[in-house]
Amino acid sequence: MEYISTRGKVEPLGFIDAILMGLANDGGLLVPKTIPQLSTETLQKWQKLSYSELALEIFSLFIENEIPRAELKQLVDDSYATFRDEAVTPVKRLNDGTYVLELFHGPTFAFKDIALQFLGNLYAYVSRKTNSIIHILGATSGDTGASAIEGVRGKEGIRICILHPHQKVSRVQELQMTTVDSENVLNLSVEGTFDDCQRIIKELFADVEFKHRYHLRAINSINIARILAQTVYYFYAYFQTTANDPGAKINFSVPTGNFGDIFAGYLAQKMGLPIHKLILATNENNILERFVKEGVYQPGAFRGTYSPSMDIQVASNFERYLFYLYGEDAEAVTALMAQFKAEGRIVIPADKLQAVQADFAAYGVQNEECLDTISSYYKEYGYLLDPHTACGVAAADHIAADGEVTVALSTAHPAKFDESIRLRGIEQTYPQQIQALFDKPQFQTVVGGSNDEIKDQLVTFF
């Protein structure tokens, strides 16, 4: 399996070189040169596999023999042994038409653990095998940072620096990152938004000389390993949901801001998983909803919401979808991204918009609607949704048709967003691991939002 850039100026890479490169050296994003195609027979064989067994099969398609199967199995087993539920990502039925895929049973109570436990172990494996230095640089809107830090804290040969927007993540998210006291962890609290943090990361990775000099590696979803790991739970949830109803039309409703989680579903669909609808759920920062409905990709004014991990205007994985929308034409993608950089917007023609609307449905959830959904599902089903999951459930309620089954991705444990949930008078008990955070000292540095200020911190740390 080889990996190529969406902008076409990087020679094909093997899997390990691809995950080490992170952002492609031409500024694009790496994608598989070919997408594995799965037969009905293969899907049937996979139907009763455990989560770890299924992950091994899917990873093997994208890694082939670059990592020996026995060693890959050990990496997978080690990564998912840290989860609190034996099923890793259990599926819970709320009613006949709505299921929730619980992705928050990892060590930091967020869906990012599913990819980042694996990627952390993978980086440690590569560091050992190649005797190389791994310096991880990432940005977070809340959950990626804690998951990434948990995945590599204390690991030999790895140092990690995470940028998060100052006072724009939930209190629990902040504590999960900044209470880690480890020599190989640096938390930078950036004065600005997540989009500012993400822009800095992409620009520093685009500085190829700086990236190579300081051995920078990516942990954000610009890294293709993140996307591949997230495809697994679409297969797993589909198999669980159709076990008693093989003919069911299965939708997935995905809360998304960075387009990574729903792109993983798109990739699973392109591999042959018969997903009926991919529903893209946003909050009031609804640039992606507008793109699906109108064909215009243009950031608007930033809005702080009750679902802060989705308070994103520029979706870092959007370029991967453009690559497939434009028939894997790297020149067309390069031109579109140059246009976006120059003009701040992309407008696609009517035939492309028709293709987008065949791939996705979209719905932007307003702030009060998010809280209303939390309240109504708690009252009717006794099930507490976090505000991001509530956006996914609200979008499913709005878009799914009668007779369809929709699996809403539950991206975080509600305890991570108690500030929002308390607004509706709902009290919850924190898991012990989260409660313990409030008594720990914090370790973080508040910095301005310029590239040079971040570079100064990195040079000292790395």
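Modeller: A helix here is a DSSP run of H or I with at least four residues, and helices are numbered from the N terminus. This is a predicted model, and K352 is found in its helix α15, residues 350-359.

Colleague: Thanks! What makes a residue count as a contact of K352, leaving aside its neighbours within four places in sequence?

Modeller: Contact means heavy atoms within 4.5 Å. With those sequence neighbours left out, K352 is in contact with L325 and Y326. For a longer span, take K352 and I227, which are 125 residues apart along the chain; their C-alpha atoms are separated by 24 Å.

Colleague: Let's turn to helix packing. Why are α4 and α5 called oblique to each other?

Modeller: Two packed helices are described by the angle between their axes and the distance between the axes. For α4 (residues 69-80) and α5 (residues 112-130), the axes come within 9 Å and cross at roughly 135 degrees. Roughly perpendicular covers 65 to 115 degrees and roughly antiparallel needs over 145. The angle of roughly 135 degrees fits neither class, so the pair is oblique. The crossing is also right-handed.

Colleague: Which residues of α4 and α5 meet?

Modeller: On the α4 side they are E71, L72, L75, V76, D78, S79 and Y80. They meet I114, Q117, F118, N121, L122, Y125 and K129 of α5. The residues of this contact divide into 8 nonpolar, 3 polar and 3 charged. Tyr counts as nonpolar in this scheme, so Y80 and Y125 belong to the nonpolar group.

Colleague: How do you know how α5 is oriented to α10?

Modeller: The same kind of reasoning works. These two helices pack at an angle of about 125 degrees, with their axes 9 Å apart. That value lies outside the 65 to 115 range and is not over 145, which makes α5 oblique to α10. This crossing, too, is right-handed. K112, I114, A115, L116 and L119 of α5 make the contact with A225, R226, A229, Q230 and Y233 of α10. By class, it has 7 nonpolar, 1 polar and 2 charged residues.

Colleague: Now the empty spaces. What makes a space a cavity rather than a pocket?

Modeller: Rolling a probe the size of a water molecule over the atoms shows where empty space is left. In a cavity a 1.4 Å probe fits but cannot get out, whereas a pocket is open. A search of the whole structure finds 2 cavities of 30 Å³ or more.

Colleague: What lines the largest cavity?

Modeller: The largest cavity holds about 280 Å³ of space and is lined by 25 residues, with F111, K112, G257, N258 and S309 nearest its centre. Helices α6, α10 and α11 each supply at least two lining residues. The lining divides into 7 nonpolar, 14 polar and 4 charged. Gly counts as polar here, so G257 goes into the polar group. The second largest cavity, about 30 Å³, is lined by Q198, I201, K202, N220, I222 and S316.

Colleague: And which helix gives the most to the lining of the largest pocket?

Modeller: That is α8, with 6 residues. The pocket has a volume of about 660 Å³ and 23 lining residues, of which R7, K202, M337, F340 and K341 lie nearest its centre. Its lining divides into 10 nonpolar, 5 polar and 8 charged. K202 appears here and in the lining of the second largest cavity.

Terms used. Residues numbered from 1 in each chain as written. Predicted model: local features only at pLDDT ≥ 70, side-chain atom pairs only at ≥ 80, totals over all residues. Heavy atoms only, no water. Axes fitted to C-alpha atoms, helices over the stretch in contact; angles between N-to-C directions. Parallel < 35°, antiparallel > 145°, perpendicular 65-115°, else oblique. Left-handed = near helix turned anticlockwise from the far one by under 90°. 1 Å grid on protein atoms, 1.4 Å probe; cavity = no way out; pocket = protein on both sides within 12 Å on 5 of 7 lines; lining within 4 Å. Points joined across faces, edges and corners; volume = space filled by probe spheres on them.
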